[in-house]
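Visitor: I would like a close look at one part of this model, taken slowly and then placed in its surroundings. Please begin with a single residue and work outwards from there.

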Amino acid sequence: MVREGKERGRSLEDEYFARRDRELIETQRRLAADAEELRKLGETLGLSDGEVLAALRSEGLDASQAALVFVLPAIEVAWADGAVGKGERDLLHEQLRRHSDQQQPSVQVIARLDGWLSTRPPDRLFEQARRAAQLRVSKTGEAERPALSKQILAEATAVAEASRGLLGLSAVSSPERRALEALAAALSVEA
């Protein structure tokens, strides 16, 4: 009986350590996969800032969705007045396609964009997208920086203008203007 108890105890101990080893191996695999996804996202975005990349990954973005990061500043402007209109939606879809190298974005990427156009993304995502835009601009050559900054701001401005009222007579709303000014300040360019 004592022998059986010792054997049973040893068996339970072996089972525990084998299970613990499997868990550790699985954790290492997950960490390696996460690190690889972070690397791919950084490569696709042309960024190396670990904090920004980790924040974008924590929002569920990966390399296959990098084009979404490029349209997030314009999405923030679209949401500035509390709603995203049809004209803004259409233009954001067009901008997403442009940032997807003129290819039709995947169904998952379009669904993510549509989700963000139906439900406002959290401020922290907009903050990280602005930071990513700043870093992207700072990483470009001295001669290209102004053009890239102006392009990012122009895309956001076009979205604000797409929300104009009946016959296009109303101006960009005050909240949209403030969002554009904040983006311009982040990019060190005139609004």
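**A residue in helix 8 and its surroundings**

Guide: Leaving aside its neighbours within four places in sequence, Glu 176 is in contact with Val 77, Ala 78, Ala 80, Asp 81, Glu 88, Ala 160 and Ser 163. The model is a predicted one, and the contacts and accessibilities described here are to be read with that in mind. Glu 176 itself is found in helix 8, and with a relative accessible area of 0% this glutamate is buried, since buried means under 20%. One of the residues that Glu 176 touches, Glu 88, brings us to helix 4, which spans residues 86–99.

Helix 4 has a partner in helix 5, residues 107–118, and the axes of the two come within 11 Å and cross at roughly 150 degrees. Angles over 145 degrees count as roughly antiparallel, and helix 4 and helix 5 are therefore roughly antiparallel to each other. The crossing in which helix 4 passes helix 5 is right-handed. On the side of helix 4, the residues that take part are Arg 89, Leu 92, His 93 and Leu 96, and they meet Val 109, Ile 110, Leu 113, Asp 114, Leu 117 and Ser 118 in helix 5. Sorted by character, the residues of this contact comprise 6 nonpolar, 2 polar and 2 charged.

Another buried position is Ala 133, which has its place in helix 6, residues 123–139, and which counts as buried at 5% relative accessibility. Once neighbours within four places in sequence are set aside, Ala 133 is in contact with Ile 152 and Leu 187. The second of these contacts, Leu 187, leads back to helix 8, whose range is 174–187. From C-alpha to C-alpha, Ala 133 and Gln 104 are 23 Å apart in space, with their positions 29 residues apart in sequence.

Ser 188 has its place in the segment after helix 8. Its relative accessible area of 69% makes Ser 188 exposed, whereas Glu 176, within helix 8, is buried. The backbone of Ser 188 also deserves a check, for its phi is near 55 degrees, a positive value in a residue other than glycine.

For a position that is neither buried nor exposed, one may turn to Glu 37 in helix 1, residues 2–45, which counts as partly exposed at 24% relative accessibility. Not counting residues up to four places away in sequence, Glu 37 touches Arg 57, Asp 62 and Ala 63. Gln 104 serves as a reference point here too: the C-alpha atoms of Glu 37 and Gln 104 are separated by 22 Å, and the two residues are 67 residues apart along the chain.

These local views belong to a chain with 8 helices and 0 strands, in which the elements run α-α-α-α-α-α-α-α from the N terminus on. The C-alpha atoms fill a box of roughly 90 × 40 × 30 Å, taken along the principal axes, and the chain has a radius of gyration of 23 Å, where a compact globule of 191 residues would have one near 16 Å. Of those 191 residues, 36% count as buried. Among the contacts in the chain with a separation of 6 or more, 67% are accounted for by residues 24 or more positions apart.

Notes: Residues numbered from 1 in each chain as written. Predicted model: local features only at pLDDT ≥ 70, side-chain atom pairs only at ≥ 80, totals over all residues. Heavy atoms only, no water. Axes fitted to C-alpha atoms, helices over the stretch in contact; angles between N-to-C directions. Helix = DSSP H or I, 4+ residues; strand = E, 2+ residues; numbered from the N terminus. Parallel < 35°, antiparallel > 145°, perpendicular 65-115°, else oblique. Left-handed = near helix turned anticlockwise from the far one by under 90°. Contact = heavy atoms within 4.5 Å. Nonpolar A, V, L, I, M, F, W, Y, C, P; charged D, E, K, R; others polar. Buried < 20%, exposed > 50% of the residue type's maximum accessible area, 1.4 Å probe, protein only. Rg over C-alpha atoms; globule rule 2.2 N^0.38 Å.
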